[in-house]
Amino acid sequence: MRWTDDRGGNVDDRRGSGGGGGGMIVGGGLGTLIIAAIVFFLGGDPSGILNSGSIQSSGNSERRELTAQEKQIGEMVDMMGKWNMITWEQIFRENGMTYTAPEIVLFENTTTSACGTAQSAMGPFYCPADQKVYMDMSFFNELQQKFGAKVTEFTVAYVLAHEVGHHVQTLLGTTQKVDALRRSGRYSDAEMNKVSVATELQADFYAGVWTKRTNDTKNIIEPGDIQSAIDAAQAVGDDNIQRRSQGYVNQESFTHGSSAQRKEWFMKGYNTGDIRQGDTFNQLLK
């Protein structure tokens, strides 16, 4: 991935500030944390799992200086944040709308969010309540070691673009429609799982659109970058995760889409560069 001098200034870097405190997450110990990471990695609003249960996080209140590598990572995320800002401002302007960028929060271990206490075990997520993207960079080690994806700089770019895709859904009203369906109580768990899959696949599609449009203007893509994004998308496909965690696949319980679907929708976004081609819901929200 080719770096540029772009910086957005919309990164809240809380690393080294001393996380911790008495946040709540699903009760049940380490097994629950692993399940939470699997279920919500690259997901949307995690407030349901973040705000339930009673397991406490002890944390560490001591401050420390960031290492040179950590500072460089902060610069990289700031650059990617600006890339997202520029591209989505352009796309929204072309469609007669105004884009407002999300804040990107870098943290370690735990921090607060409007959706509840954010834990590193949750993986990167977007919180619609405060319109912020939360990322603990240590989770990319989990992506490589436990889910089999080769992590590169563009892997981080893809993950961030996916979470910004959820922000785009909020700005377009999609998140609110999905939440209304969930709160109505009229739909079964299996039906809501289909809506959840459509939501996640659309965020993958938006990540593909962002990749195409950003590369057209910034020329950031280098050999292997697109494949690293595909590898990450496929690694966290529901079928791959279920096969690794329980030894079999239950399609009715999918919440994020299969590996093949995640690749398909990312590549559709990348090949078209057209936000209007991303109706993954196919009448589900009509």
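Asn219 sits in the loop between α7 and α8, a handy place to start a tour of this predicted model. Its phi is positive, about 55°, even though Asn219 is not a glycine. The residue comes just after α7. With a relative accessible area of 49%, Asn219 is partly exposed, because it falls short of the 50% that exposed residues must pass.

Another asparagine turns up in a comparable role. Asn109 also has a positive phi, near 70°, and it too is a residue other than glycine. Its home is the loop between β4 (103–106) and β5 (110–113). Asn109 has a relative accessibility of 45%, so it counts as partly exposed.

Back to the helix that leads up to Asn219. Helix α7 covers residues 189–218, and 22 of its 30 residues are buried, so the helix is mostly covered. How far apart are the end C-alpha atoms of α7? They are 42 Å apart, and since 30 residues at 1.5 Å a residue should span 44 Å, the two values agree.

Aromatic rings come next. A search of the whole structure gives eight aromatic pairs. Helix α7 has a share in one of them: Tyr206 pairs with Trp88 in an edge-to-face arrangement, with 5.7 Å from centre to centre and 80° between the planes. The angle counts as edge-to-face because it is over 60 degrees. This pair ties together distant parts of the chain, as Trp88 belongs to helix α3 (residues 68–94) and Tyr206 to helix α7, 118 residues apart. Are these two partners buried or exposed? Trp88 has 0% relative accessibility and so counts as buried. Tyr206 is buried as well, with a relative accessible area of 4%.

A second pair, Tyr158 and Phe266, is edge-to-face too, with the ring centres 5.7 Å apart and the planes at 90°. Here again distant parts of the chain are linked: Tyr158 is in helix α5 (residues 153–172) and Phe266 is in helix α10 (residues 259–272), 108 residues apart. Tyr158 has a relative accessible area of 1%, which means that it is buried. Phe266, at 0% relative accessibility, counts as buried.

Some aromatic residues also gather into a group. Trp88, Phe92, Tyr99, Phe205, Tyr206 and Trp265 make up one aromatic cluster. Trp88 and Tyr206, the edge-to-face partners described above, are both members of this cluster.

Helix α10, where Phe266 lies, deserves a look of its own. The helix has 14 residues, and from its first C-alpha to its last it reaches 20 Å, close to the 20 Å expected at 1.5 Å a residue. Which residues of α10 are buried? They are Ser259, Arg262, Trp265, Phe266, Met267 and Gly269. Trp265 in this list is also part of the aromatic cluster. The buried residues of α10 pack against α5, α7, α8 (225–235) and α9 (238–246). After α10 comes Gly273, with a positive phi near 65°.

What about empty space inside? The structure holds one cavity of 30 Å³ or more, and about 30 Å³ of space lies in the largest cavity. Its lining is made of Asn10, Gly81, Asn84, Met85, Tyr99, Ala101, Pro102, Ile104 and Val164. Which helix gives the largest share of that lining? It is α3, with three residues. By type, the lining divides into six nonpolar residues, three polar ones and no charged ones. Tyr99, one of the lining residues, also takes part in the aromatic cluster.

The last stop is a strand. Asp12 lies in strand β1 (residues 11–13). Asp12 and Val105 are 93 residues apart in sequence, yet their C-alpha atoms are 4.7 Å apart in space. Leaving aside residues up to four places away in sequence, Asp12 touches Glu103, Ile104, Val105 and Leu106. Ile104 is among the residues that line the largest cavity. Asp12 has a relative accessible area of 23% and is therefore partly exposed, because buried residues have to be under 20%.

Note on methods:
Residues are numbered from 1 along each chain as its sequence is written. This is a predicted model: local features need pLDDT of at least 70, side-chain atom pairs count only at pLDDT 80 or more; totals for chains, interfaces and linings use all residues. Side-chain values use heavy atoms; hydrogens and water are left out. Rings of Phe, Tyr and Trp (its six-membered ring) pair if their centres lie within 6.5 Å; planes under 30 degrees apart count as stacked, over 60 as edge-to-face and the rest as tilted. Helices (H or I, at least four residues) and strands (E, at least two) are DSSP runs, numbered from the N terminus. Buried means under 20% relative accessible area, exposed over 50%, partly exposed in between (1.4 Å probe, protein chains only). On a 1 Å grid over the protein atoms alone, a cavity is a set of points where a 1.4 Å probe fits but cannot get out, and a pocket is an open set with protein on both sides within 12 Å along at least five of seven lines; lining residues have an atom within 4 Å of a point. Grid points are joined across faces, edges and corners, and a volume is the space filled by probe spheres set on the points. Ala, Val, Leu, Ile, Met, Phe, Trp, Tyr, Cys and Pro count as nonpolar, Asp, Glu, Lys and Arg as charged, and the others, Gly among them, as polar. The expected span of a helix is 1.5 Å times one less than its number of residues. Contact means heavy atoms within 4.5 Å.
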